[in-house]
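Take a walk through this chain, from its overall make-up down to single side chains. Keep the coordinates open as you read.

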Amino acid sequence: MYRQQVSSSPMPHLRSDAIERVGRIVAVTGAHAVILIDAEENSASGNHPKSPEIGTLLKVDTPKSISLAMISALSSPMPSHSRDEKELRIIEVEFIGELPKDHQGQPMGFRRGISCYPSLGDIVFRANKTELEKAYACDAETSIRVGHIQQDESIPAMIKIDEMLGKHFAVLGTTGTGKSCTVALILRRILEKNPQAHILLLDVHREYANAFQEYAEVITPDNMNLPFWLLNFDEIVEILIGQQSNREADTEVLRELIPLAKLRYMNNQRRDRNGIVRGKEFTENTNIGVDTPVPYRTSDLTGILEEYIGKLELRGELAPYKRLKARIETISRDPRYAFMFGGLTVQDTMAQVLARLFRIPVNGKPIAILELGGLPGEIINVVVSVLARLAFDFGVWSAGRIPITFVCEEAHRYVPIDKTLGFEPTKRAISRIAKEGRKYGVSLCMVTQRPAELDPTILSQCNTIFSMRLTNERDQDILRAGISDAAASLLEFMSTMGTGEAITFGEGVALPTRIKFDMLPADAWPKSNTASFTNNWAKELPDDNFLNDIVIRWRAQSHNPE
């Protein structure tokens, strides 16, 4: 977690009234140019600022506009061994846009692209504060501040909410770079401006509840209600059958019996206490499939299994039925699955489940934090699959009237690039949001420490990227593919950036830039601090009840035992 205090004063070498000449253009090729640095820039005295660094914005004044270029490389083709000798130093830049001039010659708002290219010999200056403000400006009504740009601490780093959420975004960074704080900061700033938002955050490590105390509906394994009948066929097969050797036979039996159990429940709902049918009696020909989100009872399912087992003609094929019956009974008694199978009665609570997950109505809690940490490991992928599928289907059937943001922490767990890992329905559900969610108001936030292990199809759909420190070369290569030269040059900083810094580029920001995130208030930090071995080892062990409490929680698979 990063705690460095951000200064509000600008850097001394970026005074708004200073005109800082850098050099002159000696080559122009398309969107690129080469600048020869002035000899004065080589002075060892303190009278001149140092050479600008990669990512700095420079400007060239032309008759119709002020062209802005970002430094992508620095070099000295003929270095000198003596400090008294002048040496050749050059800067390579990429033109990224311009500030058109009005009829009085004053610069107006920033626009991408160049209409009037600079010529050989044109003088190049550092962009001043006014020009930086125009270049990085965003509409205050639809944007949020998350920090400041590295070039000038007085220039805020702004995010365009609609562009970022409308086309998905990703937060990437190695463990310990401030990734959780960044996610919390971005979401908190969104909620501060949009108190009627609808956000669902999957919290793998149970760390975000503290960051959203006043905003969050925290859903834990102890208070979660996700009825098993909301699962589609692939998901219920994963729970009841898994990857056992007799998977095919058991799957076919289940495929046949689930629609029958749904029909039995629906028919029972239409009978009054005297057994009189109210409304239409449903038959096996009714259009109810294995994936239709209609309630049914496990008791009806086991009852149908017992009926099949009792039939003489099935004596030689009873094994799948007996296995399924035993598995259903085992899971129904397992306290770890109580949130899914634990209800004594089955009711159609689909609307209530959707209301709680997607905060409809908001009731002052615009974000639902689903803590996955206490769930059985073998079921987490299934739960994520259900939630992603419900989010997308809700967007489809509501015609996008209530936009939803689906935040997926540790995303590489659920949509890995390795085809042999993960759960296929989970991959399909998240991939569907990534590819089609924009049409139905469902946005995706992918958070991961290993982008190289994430399905590249998913990452390619994230049009705004916040890349914190990444030291693995494979992770860096994933980001370099398919981005502009200017942004690619900024990525060279990825392995050396400090905590709370990021390279950001894409639709949600005005320009690719290196930013320093604001610091969250101390009471809003996620609980993601690394354990202190020296501090904890210096303390006396707790009392004798400490281990007993751990054993109780361990056996109950609960972090909050009664």
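What follows moves from the whole chain to a helix, a strand, the nonpolar cores, the cysteines and the salt bridges.

The model is predicted. Its chain holds 16 helices and 18 strands. Of the 562 residues, 49% are buried. Consider the contacts with a separation of 6 or more: 70% of them join residues 24 or more positions apart.

Begin with helix H6, residues 298-309. H6 has 12 residues. From first C-alpha to last, H6 reaches 16 Å, close to the 16 Å expected at 1.5 Å a residue. How many of its 12 residues are buried? Nine are, so H6 is largely enclosed by the rest of the structure. The stretch from Asp300 to Leu305 is on the buried list, residue by residue: Asp300, Leu301, Thr302, Gly303, Ile304 and Leu305. Thr298, Tyr308 and Ile309 complete that list. What covers these buried residues? The cover includes helix H5 (247-269), helix H7 (319-333) and helix H8 (338-341).

Turn next to strand E3, residues 57-61. Four of its five residues are buried, so E3 too is largely enclosed by the rest of the structure. E3 has pairing partners. Strand E4 (residues 65-78) pairs with E3 in the antiparallel sense, over five bridges. The two strands form a hairpin, with three residues between them. In this pairing, Asp61 stands opposite Ile66 of E4. Strand E7 (residues 123-126) also pairs with E3 in the antiparallel sense, here over three bridges. There, Lys59 faces Phe125 of E7 as its opposite residue. In a regular strand, side chains alternate between the two faces of the sheet.

Now look at the nonpolar interior. The largest core has 140 residues. Within this core, Phe212 and Met446 have the most contacts. Helix H10 (residues 377-397) supplies the largest share, 12 residues. A separate core lies apart from this one and has 14 residues, including Ile25, Ile91, Val93 and Phe95.

Met446 is a good place to stop. Which residues does Met446 touch, leaving aside those up to four places away in sequence? Phe169, Ala170 and Val171 are among them. So are Cys408, Ala411 and Val415. Ile430, Leu454, Ile458 and Cys462 are also touched.

Two of those contacts are cysteines, Cys408 and Cys462. Do not look for a crosslink: the disulfide count comes to zero. Cys408 shows why. Its sulfur is 8.7 Å from the closest cysteine sulfur, in Cys445, and that is too far for a bond, the cut-off being 2.5 Å. Cys445 is in no disulfide either; its nearest cysteine sulfur belongs to Cys462, 7.8 Å away. Are these two residues buried or exposed? Cys408 is buried, at 0% relative accessibility. Cys445 is buried as well, with a relative accessible area of 1%.

Charged side chains come last. Side chains of opposite charge can pair when their charged atoms come close. A search of the whole structure finds 26 salt bridges. One of them joins Glu507 and Lys167, with the closest N and O atoms 4.0 Å apart. This pair links distant parts of the chain, 340 residues apart. Glu507 sits in the loop between strand E17 (501-506) and strand E18 (513-517). Lys167 sits in the loop between helix H2 (161-166) and strand E10 (169-172). Glu507 is partly exposed, at 36% relative accessible area. Lys167 is partly exposed too, at 32%.

Arg450 takes part in two of the salt bridges described here. With Glu453, the N to O distance is 3.2 Å. With Asp475, the closest N and O atoms are 2.9 Å apart. The pair of Arg450 and Asp475 links distant parts of the chain, 25 residues apart. Arg450 lies in the loop between strand E15 (442-448) and helix H12 (456-460), whereas Asp475 belongs to helix H13 (residues 473-480). The two acidic partners can be set side by side. Glu453 is partly exposed, at 31% relative accessible area. Asp475 is buried, at 2%.

Elsewhere, salt bridges join into a network. Its members are Arg145, Arg189, Glu192 and Asp518.

How values were computed: Residues numbered from 1 in each chain as written. Predicted model: local features only at pLDDT ≥ 70, side-chain atom pairs only at ≥ 80, totals over all residues. Heavy atoms only, no water. Expected span 1.5 Å × (residues − 1). Buried < 20%, exposed > 50% of the residue type's maximum accessible area, 1.4 Å probe, protein only. Contact = heavy atoms within 4.5 Å. Salt bridge = Lys/Arg side-chain N within 4 Å of Asp/Glu carboxyl O. Pairing = 2+ DSSP bridges. Core = buried A, V, L, I, M, F, W, Y, C linked by side-chain atoms within 4.5 Å.
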